[in-house]
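Student: Before we begin, I would like to go through the reasoning behind the labels, setting each value against its definition.
Tutor: Then let us look at the model and take the labels in turn.

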Amino acid sequence: MAVFALFHGYAHGAEAVGNIAAYMTGFALVTAVLHIGGIVIGRGLLRMREATSLVGGLIAGAGVYLLGA
């Protein structure tokens, strides 16, 4: 996992061109928005226990589809 994280971070660093400060600021903001959005959606799903299995199945199905694409 650590090796994957190292190469993943390197890839993001390699795509940073131009104004590095603006890139890093945007990257941090988008990461925060994605994390907060995931937390909000996850908490909402916990309140709807019956929908959790359905959504989990849809996510798993999307993963299988992307794996085969």
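Tutor: We start with a cut-off: a residue is buried under 20% relative accessible area, exposed over 50%, and partly exposed in between. Keep in mind throughout that this is a predicted model.

Student: Why is Gly 13 called partly exposed?
Tutor: Gly 13, which has its place in helix H1, shows 46% relative accessibility, and because partly exposed covers the range between 20% and 50%, Gly 13 counts as partly exposed.

Student: What makes Leu 6 count as exposed?
Tutor: Leu 6, also found in helix H1, residues 2-14, has 59% relative accessibility; since the label exposed requires a value over 50%, Leu 6 counts as exposed. Together with Val 3 and Phe 7, Leu 6 forms a nonpolar patch on the surface, with about 350 Å² of accessible area for the three together.

Student: Which label does Leu 34 receive, and on what value?
Tutor: Leu 34 lies in helix H2 and, at 60% relative accessibility, counts as exposed, because the cut-off for that label is over 50%.

Student: Why is H1 said to lie largely in the open?
Tutor: The number of buried residues among the 13 of H1 is zero, so H1 lies largely in the open. For H3, one of its 20 residues is buried, and the conclusion is again that the helix lies largely in the open. Over the whole chain of 69 residues, 4% count as buried.

Student: How do you know that the length of H1 agrees with what a helix should span?
Tutor: The expected span is 1.5 Å times one less than the number of residues, so the 13 residues of H1 should span 18 Å, and with end C-alpha atoms 18 Å apart the two values agree. By the same rule the 20 residues of H3 should span 28 Å, and its end C-alpha atoms, at 30 Å, are also in agreement.

Student: What do we know about the radius of gyration, set against that of a compact globule?
Tutor: The chain has a radius of gyration of 17 Å, whereas a compact globule of 69 residues would have one near 11 Å. The C-alpha atoms fill a box of roughly 45 × 30 × 25 Å along the principal axes. The chain holds three helices and zero strands, and its elements run α-α-α from the N terminus on.

Student: How far apart are Gly 13 and Ala 51 in sequence and in space?
Tutor: Gly 13 and Ala 51 are 38 residues apart in sequence, and their C-alpha atoms are 38 Å apart in space. Leu 34 and Ala 2, which are 32 residues apart along the chain, have C-alpha atoms separated by 22 Å.

Student: Where is confidence lowest, and where is it highest?
Tutor: Confidence is lowest in helix H3, residues 49-68, at a mean pLDDT of 86, and highest in helix H2, residues 20-47, at 90. The chain averages 88, and 100% of the residues score at least 70.

How values were computed
Residues are numbered from 1 along each chain as its sequence is written. This is a predicted model: local features need pLDDT of at least 70, side-chain atom pairs count only at pLDDT 80 or more; totals for chains, interfaces and linings use all residues. Side-chain values use heavy atoms; hydrogens and water are left out. pLDDT is the predictor's confidence in each residue, from 0 to 100. Helices (H or I, at least four residues) and strands (E, at least two) are DSSP runs, numbered from the N terminus. Patches are made of residues with over 30% relative accessible area and no salt bridge: like charges are joined within 9 Å, nonpolar side chains (Val, Leu, Ile, Met, Phe, Trp, Tyr) within 5 Å. Accessible areas come from the Shrake-Rupley method with a 1.4 Å probe; for residues, only the protein chains shown count as cover. A salt bridge is a side-chain nitrogen of Lys or Arg within 4 Å of a carboxyl oxygen of Asp or Glu. Buried means under 20% relative accessible area, exposed over 50%, partly exposed in between (1.4 Å probe, protein chains only). The radius of gyration is taken over C-alpha atoms; the globule rule is 2.2 Å times the number of residues to the power 0.38.
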